[in-house]
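Here are some notes from a pass through the model, written up as numbered points. Have the viewer open while you read, and skip around as you like.

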Amino acid sequence: MTFLYLNNIKKRATAFLFFMAIVSSFAQVNDSYYLPQQVRYNPAIPTPQQYFGFQVGEWHIQYEQLLGYIKKVASLSDRLQMKEYGKTYENRPLWLLTVSSPQNLSRIDQIKTEHHKLTEPDQASGVSIDNMPLVVWMGYSVHGNEASGTNAVPMVVYYLAAAQDASIDSLLNETVILIDPRINPDGGERFASWVNANKSMNLVSDPNSRELNEMWPGGRYNHYWFDLNRDWLYTQHPESKGRIKQFHEWKPNILTDHHEMGSASSFFFQPGIPARTHPLTPKKNLDFTEKMGKFHAEALDKIGSLYFTKEGYDDFYYGKGSTFPDVQGAIGILFEQASSRGHLQETPHGAMSFAFTIRNQMTTTLSTLKAAKAMRKELLTYQRSFYQEKSTATTKAFVFGNSTDKVRMWEMVNILRQHEIDVYQLAKDEILEGKTFNKGQAYIVPLSQAQHRLIQGIFEKRTSFEDSLFYDISAWSMPHCFNVPYSEVKVPITLGEKLTQNPFPQGNVIGKSNYAYVFEWDGYFAPRAAYELQKKGYKLKVATEPFTAVIEGGTRNFAYGTVEISAGGNQLTSLENLHTLLAQLAARDGVDFYAIQTGLTPTGIDLGSSYVAPMRMPKPLMLVGAGVNPNDAGEIWHLLDTRVNIPLSMADIAQVNRVNLEKYNTLILSSGDYTALNDEKIKAWVRNGGTLIAMTDAVEWAATRGFSPVKIKKIPADSLGPKPYALAERYKGAQLISGAIFQTKIDVTHPIGYGYKEPLLSVFRDNTIFLEKIKDPYNAPLIYTNDPLVSGYITEPNKKRLKDTPSVVATSFGAGKVIVMTDNPNFRAFWYGTNKLFLNAIFFGSNILSGIRGGDDE
Ligand SMILES: [Zn+2]
């Protein structure tokens, strides 16, 4: 292919000619292909080729090799330090490299402290920026299969450590360069293994070849198939937690994020689409981004690489790596290189080599550093003024919290504090917007602090937008994600004590009994406690009606879904061992267990009532593999594995068609294409007592295959007559729900609603699957309200389609149950507020009494 291309080269334009020449030189690229010329290099520092035994771009560098090279250079150079900042799920160390002049490195902690003061309003004015280095953070390949970024790192490190001239000396004097060499090593390793293992001696550029089509789920994601480039704000993964801690210690002025995009494209650098910038980001940020863009353009022009700006990408969702810095007084820059995926790929522009893609990442790394040096003083000044500007918002503070489920509040506080946001106790009980917030059970976050923009970006609701297209979600208001009551306070409010620590809210065992213990289902980790008990052989029951019981020190009301462990139900004469176990679970899971001495209750059902039903121990199987959305499936795996300790069997569709399903009692279909699934086999299994959970677009499968009687609304085609061709993409994009928050009414008497105490629940939705109203009034435990939009973007027609329709429907199917959920209750692991809906389907699916029957009425 390369050969053919060379034959055609004369017919092409000059820019193209450059491009092709680069490709043709692939097989022989030497160091000068990547490195600035007219620079002397210190021979004591090995080049990547000398160290690896192959040239950069010839193979995909494995993580161990990459770390080995960095370690080697660090041992030989006084310009480079490295630090482990975390470990991935697969136990790979995460490193941050610090590169600067030897003089700067000898007092690096002092530089860090001084620099941080720029972001502390009471300290900043006394700090001199005349000789302060600019802090530049460069992050590579957060998406593991976008490998050109991280494969450029050895050359970047070599250049910074080995180059010998006046310009590198002044660069290192005036900057501290932080390098995150591979943000997602677990995904990166999957990808590198795939392309290396499938590489031929004679490079194959055919896009159909195995090398260029990695196997599901691909290397983009981390271990649990999460997109780490959506986790910068609510930091649910070890990679992000470690990185954000470093970010806040350093408060960089520039942060770069090196990605790849489709192979047919060229190269993108920010700014993205200006109208799609988050309104809390200052206008100046865009100006600086444009100014830096001129440096990238100049450098890419010089090597003949094509590029584009101001289209395709935006800066709206603060959970992305290149957008988060924009609300932190820094400039976040997204780079997107057309991907070669493997080592060589045929594209509409000719064959593109891996080396070519690496060179563009190397080139824009160096143009960033050039811009950093040139813009040092103005960026330091900007950062200082960003944090000195006081909030002009009408909101003065956010108050949140109540007495139910302290775990969700605890995690909210963890996230806020990780972002250097000050959280305070209430000074006294407050009634705000009709809601009561009690001292000791609620917190206050005032906007009179340095991070006021970020606080607003976390708490606020927003329903009007300059643009109707979004690269990612349009809403992420934290109290809604966590289902925690809150209030926006417009008047000054007295603060209580500032939180200096945030210990886990342990539960207690109240009393001691040889008869029974009960615990409520509202605690976030109550399902984990229940599963642990089941795993240890205890038989649990669930109260399908509320009751009052005599407990130590008085009586207490227990809600729907309270769990009972009794001596009678377990053929135990003594519950002594149980008491000890419950004490451990109370501490670990934040659950309160109540000892009960008698089965007779003052009001409501008694403990031996048939309304206290046996709880089935979950034995779930989830379908995964080609056709299934890795994000949605990964969220379920992560939830069950890391938060509930339930071992989850995962199998491909083809395998499920082959194996016996009898040992499972719950089958999970997350978002995906299930046309290849043997539905007669699944029907037989459900009829026999299985619980089928179908989510988001799997709801369509369940409806059309006759598992569920729900009907999906047909969305009429655009019928407003001819429109300009050029508007088609915009119009279609605007009809999407890219991710917004909606309000539902929840039936807390239904097993799917167990553990919820308030009648309204916010849910996350990113699809346009709207259900028709259903006939059975008793089995739609979650229904959108009449005016459902809470925060985010939705068109008026879609809003009309959504209102008053069900979000979750449960029906019987033979002896089994089918539960359809149109929304994703586990979104990105930070929707703590709706995880319980999903867990209830797993724990209580079989407890749902027959209401309406499925399509297979028996
Ligand atoms: Zn990417």
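**Notes on the predicted model**

1. Tyr41 and Tyr159 are both buried. Keep in mind that this, like everything below, comes from a predicted model. The two tyrosines make an edge-to-face aromatic pair, with 6.4 Å between the ring centres and 65° between the planes. The pair ties together distant parts of the chain: Tyr41 belongs to strand β1 (residues 40-41) and Tyr159 to helix α9 (residues 148-162), 118 residues apart.

2. Aromatic pairs come up a lot in this one, with a count of 53. Take Tyr33 and Tyr34: their ring centres are 5.1 Å apart and the planes sit at 75°, so this pair is edge-to-face. Tyr33 and Tyr34 are both buried. For a cluster rather than a pair, look at Phe316, Tyr317, Tyr318, Phe465, Phe470, Trp476 and Tyr793, which together form one aromatic cluster.

3. Two charges over rings are worth a click. Lys199 lies over the face of Trp59, 3.8 Å from the ring centre. Arg453 does likewise over the face of Phe386, at 4.1 Å from the ring centre.

4. Now the metal. Which atoms coordinate the zinc ion? The donors are ND1 of His143, two OE atoms of Glu146, and ND1 of His259, at 2.0 to 2.7 Å. Along the chain they follow the spacing H-x2-E-x112-H. Two of these residues can be placed by accessibility: His143 is buried at a relative accessible area of 3%, and Glu146 is buried at 4%.

5. Why is the zinc site classed as irregular? The angles among its four donor atoms run from 54 to 155°. A tetrahedral label needs all angles between 85 and 135 degrees, so a site with angles from 54 to 155° does not get it. For reference, the ideal angle for four tetrahedral donors is 109.5 degrees. Before you set up any parameters, bear in mind that water is not among the atoms, so the site may look incomplete.

6. Helix α13 (residues 283-302) has 20 residues and spans 30 Å from first to last C-alpha, close to the expected 28 Å. Its buried residues are Asn285, Leu286, Phe288, Thr289, Met292, Gly293, Phe295, His296, Ala297, Ala299 and Leu300. Within that list, Leu286, Thr289 and Met292 are among the buried ones. In general, residues three or four places apart in an α-helix point the same way, because there are 3.6 residues a turn. The cover over the buried residues of α13 includes β7 (254-261), β8 (267-269), β9 (331-338), α14 (354-374) and α15 (376-388). Just after α13, Gly304 has a positive phi of about 75°.

7. Ser240 sits in helix α12 (residues 238-250). Is Ser240 buried or exposed? Its relative accessible area is 0%, so Ser240 counts as buried. Setting aside neighbours within four places in sequence, Ser240 contacts Leu228, Asp231, Thr235 and Gln418.

8. Last one: Val423, in the loop between α16 (406-418) and β13 (424-426). Loop or not, Val423 is buried, at a relative accessible area of 1%. Not counting residues up to four places away in sequence, Val423 touches Val413, Leu416, Arg417, Tyr443, Ile444, Val445, Glu497, Lys498 and Leu499. With Leu499, the C-alpha to C-alpha distance is 5.8 Å, although the two are 76 residues apart in sequence.

Note on methods:
Residues numbered from 1 in each chain as written. Predicted model: local features only at pLDDT ≥ 70, side-chain atom pairs only at ≥ 80, totals over all residues. Heavy atoms only, no water. Helix = DSSP H or I, 4+ residues; strand = E, 2+ residues; numbered from the N terminus. Expected span 1.5 Å × (residues − 1). Buried < 20%, exposed > 50% of the residue type's maximum accessible area, 1.4 Å probe, protein only. Contact = heavy atoms within 4.5 Å. Phe/Tyr/Trp six-rings, centres within 6.5 Å; stacked < 30°, edge-to-face > 60°. Lys NZ or Arg CZ within 6 Å of the ring centre and 35° of its normal. Donors = N, O, S within 2.8 Å, 3.2 Å for Na, K, Ca; no water. Tetrahedral: all angles 85-135°; square planar, octahedral: opposite > 155°, others 65-115°.
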